[in-house]
Amino acid sequence: MNTTIMLFLLQDGITNGAIYALLGLALVLVFAVTRVILIPQGEFVTYGALTYASLAAGQMPGTAKLALALGIGAFAFDLFVARKALHARLIVRSFLTNIVLPAIVLALAIYFAAQKPPVAICIALSLVIVAMIGLYLYRIAFQPLAHTSVLVLLIASVGVHLALQGLGLLFFGAEGQRGPAVLSTAFTAGSLRFTGQSITVYAITIAFIVGLWLFFGLTLYGKALRATAVNRLGARLAGIRTTLSGQIAFLLASVIGALSGIMIVPITTLYYDSGFLIGLKGFVAAIIGGLVSYPLTAVAALVVGIVEAFSSFYASNYKEVIVFMLLIPVLLLRSLAAPAVEEEKD
Amino acid sequence: MQSRLPILVFAAFMAAIPFVPGVPPFWIVLLDNIGLAALVAMGLVLLTGVGGLTSFGQAAFVGFGAYTTAVLSTAYGLSPWLTLPLSLVVSGLFAVLLGLITVRLSGHYLPLGTLAWGLGLFYLFSKLEFLGRNDGISAIPPLSIGAFKMLSPGSIYYAIWIAVIVSALLTMNLLDSRTGRAIRALRRGHVAAEAFGVHTPRAKLLVFIHAAVLAGLSGWLYAHLQRAVTPTPFGAHAGIEYLFIAVVGGAGYVWGGVLGAAIVVILKEVLQSYLPLILPGSGQVETIVFGIMLVALLQLAPGGVWPWLMSFLPERTSGRKPDTSLKLESRGHSAGQSGVLLQVEKARKQFGGVVAVNNVSFDVRAREIVALIGPNGAGKSTTFNLITGVLSATSGSISVLGKKVDKAPPQEIVKLGISRTFQHVKLVPDMTVLENVAIGAHLRGHSGPLSSMLRLDRADEAKLLAEAARQIERVGLADQMHQLAGSLSLGQQRIVEIARALCVDPMLLLLDEPAAGLRHMEKQRLATLLRELRDGGMSVLLVEHDMGFVMNLADRIVVLDFGTKIAEGTPATIKTNPEVIKAYLGVAA
């Protein structure tokens, strides 16, 4: 093999790895704050990607309607929980965020879809739609279960994944879609060709990693999220609204997922069920990173991407086997290195 | 312990179903599928619900079972009955391999780790040439007895349900035994179990193998039911589905697995056949509704359906009192010892820059009660953890009967006859007092998992329970013997811990704040008990904050402050020691 192929594979691997890194970050974030292992992360990716592609192709995406439906559900949950003490302020606020907002977005989606909007508007709309879905999902599916065990949350997460995947098929059909490139410029350096798309991927990944780092290190909300992650009860006693932390985590995760989807859909064809596998590779990175460390997760994601690129070249049949089996030695090392002093979890 | 009658009724009921006139053949197919899923879910109940180890990878073990028999019975023409043990062995061997890697992982790595290798194995199944790649293997011979071939779903029905009921019985037998108690203690963390000699990684591996073998059995049956295997039913989705079968049914209950399988299989079937009538249209409407119902079910009954149903039955707090005339042989060392039992020499423990225990030396001799006192944060509990092997000392040495035990793990320390209680009670709340206390006698029993499953352990088991009952009576909790440990008051739970520690038949008892949370009368009774134990030849080392209790009871007192020993002597000298007064009250202004 020559250096050109090697460099090419490397570039391909890094691009994919950057996406996995973003997803891994989101998984770590959600897990740390809410203890939910976010299997539907993959659906956020496909929803983002396919909403973007549909809008760009001048079709009205079903996800906008889903957002409104979920919003109505979230509003109902809010009213039901607060039924003993209904304040006008609470009702109005819940009504605005859960019903008025998705209704406006739906109207915008209908309006723009009819006239093939520019890329920027497609991106913005897709992000907002998926972000709302993430937010309302937390309210409906996970917030009522916040006190239960990791296992129950995990199973609920599977349920949400199944429902979203089924809805995905309903909205986008069984055929794969591609979207227009975010940036269509390209330049060559030596024998390598860099597309604007791949540069965007790198830039956004780096921006998110730095952004999250700043958010958690410097802002009060970020610190509140970290406090919730360490000790839920303690955080509540200190006046942090843990439900708000959960909402922020889900909001960030769905935005990150949708953004990853929008960035890869111009490069690869995505199907309604492609997200699961992409999300899982983010998982692999997150596990290697130990579900706690952001920089380690990012590095691990790059490794996963590169291993995937090389194994798809050398042993394409065994690509997935190799990627998932990558974990075994890592887990082995981890279990040898730290004989875990876990205690009294429940 | 449980009555066998409901199981017999259930078995008779299941046996009768195919003979009921008018039962559609399709129901039998459904029941076959329920049975297959129930086998896997039962393993998960033990693994996840009881042992606290979440696995997404069970579908892969079903795959090992199915592919083993598929390859051997088609390519090599082996009889399916011959491949049955081989299927189970292959699943079991892979469980050992994967288990050795995964079960040591703590908390959240474990489920994700199993998800990852589950996926990896699925892709392996679908890519390997000799497993037929994505097309799988077809034309697998049916099960047969003599000339009778089990070709129809109705004929293999009995094979499946006999497997389910026998597996359920074996699993329940296992849980209700010495090994079972060790498994049930796993979920509450490993420190308490290890303090009584349970080898926790081994216990975890054991449940892992048990679950894998059940999955392998299901796979073997599946291959001969379908008479063809493809990789799809062994993928990540199937692994996830088995897990939620267990959770929906009630992850801590063997029959919850069966019930969960029935709920999920029937629900899916109903959705698939009726939903298109209500909501015509393309797509996977049933997947959507299924996912939503799953979340709704969890929100309504987060503990699963089985315990929810059971809560409607009248509560049975039966449980026979064990025959206390049965004697467990003494461990040989106790009483009769003389001289120094425990020698702590310049023990030091640092956590980073914090010196929790600073070169502390003291000893405990035969037949004496020594109290370790000091203000909060003085290093008392850390000293206990050093002695019992939970922590290892940074420097210095600890010897028992003149033998150094610095690096020994807790399981070895308890073998030397040192048992302990914990400052923060570590009982298994959903086990009865009797079962909790019997964990203390773990090392004095010998039955392994296989003999427990087959009920060959009853003689051994009766002796263990008799010993536990004796110690419970000794500490005065005979009336609470069959209550759940979690339902007792905190003070009583501390006493249960003492009974558990006594079950070790120790020569030295370490008690960490035994009187905390006790009422005045209870404290007096505890003091009387401890004096009796001492007079019977046992030594006691206790940490306690109640000065009245300590001063009246202890023969000798060691005072720690900020990790350093500041005084040692009889209660009378300690009371007047200026250093001690300073540590407790500060310097007079």
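Here are five short exercises on a predicted model, each with a worked solution.

**Exercise 1. The overall form of chain A**

Task: work out how compact chain A is for its 346 residues.

Solution:
- Start with the inventory: 14 helices and two strands make up the secondary structure of chain A.
- Next, take the radius of gyration of chain A, which is 20 Å; the globule rule gives 20 Å for 346 residues, so chain A is as compact as a globular protein of that length.
- To complete the picture, a box of roughly 70 × 60 × 35 Å along the principal axes holds the C-alpha atoms of chain A.

**Exercise 2. Where the chains meet**

Task: describe the side of chain B that touches chain A, by helix and by residue class.

Solution:
- Begin with the totals: chain B gives 41 residues to the contact and chain A gives 42 residues.
- Then look for the contributors on chain B: α4 (80-102), α5 (109-127), α10 and α12 (285-300) each bring at least two residues.
- Among these, α5(B) has the largest share, with eleven residues.
- Finally, sort this side of chain B by class, which yields 24 nonpolar, 14 polar and three charged residues.

**Exercise 3. Two packings of one helix**

Task: find the orientation of α10(B) relative to α6(A) and to α11(B).

Solution:
- Take the partner in the other chain to begin. The axes of α6 (residues 150-172) of chain A and α10 (residues 236-249) of chain B come within 10 Å and cross at roughly 125°.
- Angles of 65 to 115 degrees count as roughly perpendicular and those over 145 as roughly antiparallel; α6(A) and α10(B) are therefore oblique to each other.
- This crossing of α6(A) and α10(B) is left-handed.
- On the α6(A) side, the residues are L151(A), V152(A), I155(A) and V158(A); they meet I240(B), L243(B), F244(B) and V247(B) of α10(B). The class count for this contact is eight nonpolar, no polar and no charged.
- Now turn to α11 (residues 254-278) of chain B: its axis is 7 Å from that of α10(B), and the angle is about 110°. That makes the pair α10(B) and α11(B) roughly perpendicular.
- The crossing of α10(B) with α11(B) is right-handed.
- In this second contact, I245(B), A246(B), V248(B) and G249(B) of α10(B) meet residues of α11(B), including G256(B), L259(B) and V264(B). Here the classes are seven nonpolar, four polar and no charged residues.

**Exercise 4. The four-stranded sheet**

Task: identify the edge strands of the sheet β6-β5-β8-β9 in chain B.

Solution:
- Read the order: this open sheet has four strands, and its pairing is antiparallel.
- The edges are β6 (354-365) and β9 (403-404) of chain B; each has a single partner strand, so one side of each lacks a neighbour in the sheet.
- Inside the order, β5 (residues 340-351) and β8 (residues 395-400) of chain B are joined by five bridges, and V344(B) stands opposite I398(B).
- Add the helix: α14 (residues 380-387) of chain B lies across β5, β6 and β8, at about 115° to β5(B).

**Exercise 5. The six-stranded sheet**

Task: follow the sheet β10-β11-β12-β7-β13-β14 of chain B to its edges.

Solution:
- This open sheet has six strands with mixed pairing.
- Its edges are β10 (418-420) and β14 (564-569) of chain B, each with a single partner strand.
- At the β14(B) end, β13 (residues 556-561) of chain B pairs antiparallel with β14(B) over five bridges, and D561(B) stands opposite T564(B).
- Lastly, α23 (residues 578-585) of chain B packs on the sheet, touching β13 and β14, and makes about 130° with the direction of β14(B).

Terms used. Residues are numbered from 1 along each chain as its sequence is written. Chains are lettered from A and ligands numbered from 1 in the order in which they are written. This is a predicted model: local features need pLDDT of at least 70, side-chain atom pairs count only at pLDDT 80 or more; totals for chains, interfaces and linings use all residues. Axes are lines fitted to C-alpha atoms, for helices over the stretch in contact, and angles run from 0 to 180 degrees between N-to-C directions. Angles under 35 degrees count as roughly parallel, over 145 as roughly antiparallel, 65 to 115 as roughly perpendicular and the rest as oblique. A crossing is left-handed if the near helix is turned anticlockwise from the far one by less than a right angle, and right-handed if clockwise. Two residues are in contact if their C-beta atoms, placed from the backbone, lie within 7 Å. Ala, Val, Leu, Ile, Met, Phe, Trp, Tyr, Cys and Pro count as nonpolar, Asp, Glu, Lys and Arg as charged, and the others, Gly among them, as polar. Two strands pair if DSSP finds at least two bridges between them. The radius of gyration is taken over C-alpha atoms; the globule rule is 2.2 Å times the number of residues to the power 0.38.
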